[in-house]
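Here are two short exercises to work through with the model open beside you. Take your time with each step.

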Amino acid sequence: MSSPVHKPVVYIISAPSGSGKSTLVNELLKKVSDLEFSISYTTRAPRGSETNGRQYYFVSRPEFEKMIRDREFLEHAEVFGNYYGTARRFLHDAEQNGRDLLLDIDVQGAAQIQHKLPDATSIFILPPDRRTLEERLRKRSEDREDVIQRRLITASREIENYDRYNYILVNDQLEDSIKALRAIVRGERLLRAGQPLSSEEAKTVALAERCRLANVRDRLKSILDSFKPPGDS
Ligand code: 5GP
């Protein structure tokens with residue numbers, strides 16, 4: 001009987017849509033070894049160049065509901081009127097393959113995973129302010145105006161959950177954000193290994209520490225304020 005020797009580090013990444021999360025996640029996966037992306041199941045239609053089995057597994061509502069009944073999901077949630085879910089088998093496969101696992105999920109899914117896997121490392125990506133988020137959503141031009149407005153309202157709500165996450169990454173300059181995200185992932189591995197750190201490794205951990213929730217509170221205030229309706233302080 002084979003027993004898994006590897007306990008994967010599970011990284012949860014959440015962000016309001018338009019925060020640049022997909023770009024960051026793709027860059028991270030290119031740069032960090034032994035990190036598996038959990039491809040979610042969704043009932044939404046593919047966008048642009050998305051293909052089945054790469055960004056998502058695209059399934060019908062009845063198929064998704066059957067998977068819920070068969071308890072195939074580690075977590076699932078309804079986001080923007082569509083189902084999204086993380087299949088349990090990705091965690092199992094990561095254990096067997098000695099790899100860590102990256103989940104790109106919304107705040108509801110993150111809460112479910114944090115409950116089931118309290119050791120998971122959670123990262124919340126924020127835009128520098130509301131105006132930048134709105135510009136990014138428009139530039140993407142994949143969505144209709146009413147969808148953009150809905151996403152902005154959802155973003156304001158999601159952002160209120162920032163303090164449930166271990167790390168906060170403000171995605172202002174892409175290159176800096178990639179470095180910081182990579183440092184968070186590597187830093188967690190180093191801290192969990194519990195070995196003495198080389199000076200290079202200590203720098204990585206220090207860079208990650210700058211994104212710890214407790215260390216970004218000052219910067220957060222102006223971002224959160226930019227999402228408040230005018231006159232609401
Ligand atoms: P999009 O449709 O823009 O790709 O994703 C919409 C939202 O669904 C994003 O916040 C994304 O993180 C979230 N999402 C993607 N996959 C999952 C999943 O498996 N579970 C949950 N709870 N949310 C997901």
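**Exercise 1. Find which residues are closest to the ligand, and follow their polar contacts.**

Step 1. The ligand is surrounded by 17 residues (a heavy atom within 4 Å), and the closest are Ser40, Arg44, Tyr56, Glu75 and Tyr84. This is a predicted model: local features need pLDDT of at least 70, side-chain atom pairs count only at pLDDT 80 or more, and totals for chains, interfaces and linings use all residues. Residues are numbered from 1 along each chain as its sequence is written, and side-chain values use heavy atoms, with hydrogens and water left out.

Step 2. Look for pairs of N or O atoms within 3.5 Å. The side chain of Glu75 has an N or O atom 2.7 Å from a ligand nitrogen. For Tyr84, a side-chain N or O atom is 2.5 Å from a ligand oxygen, and a polar side-chain atom of Thr86 lies 3.4 Å from a ligand oxygen.

Step 3. On its own the ligand has 510 Å² of accessible area (Shrake-Rupley, 1.4 Å probe), and the protein covers 95% of that. Strands E5 (73-79) and E6 (82-87) each give two or more residues to the shell; strands are DSSP runs of at least two E residues, numbered from the N terminus.

**Exercise 2. Work out why strand E7 is largely enclosed.**

Step 1. All five residues of E7 (100-104) are buried (under 20% relative accessible area, 1.4 Å probe, protein chains only), so the rest of the structure largely encloses this strand.

Step 2. Asp100, Leu102 and Asp104 point one way from E7, while Leu101 and Leu103 point the other way.

Step 3. Now add the pairings (at least two DSSP bridges). E1 (10-14) runs parallel to E7 with four bridges, one partner pair being Ile13 and Asp104. E2 (35-37) is also parallel to E7, with three bridges, and Glu36 partners Leu101.

Technical notes:
Buried < 20%, exposed > 50% of the residue type's maximum accessible area, 1.4 Å probe, protein only. Polar contact = N/O pair within 3.5 Å; in protein donor to acceptor, adjacent residues only side chain to side chain.
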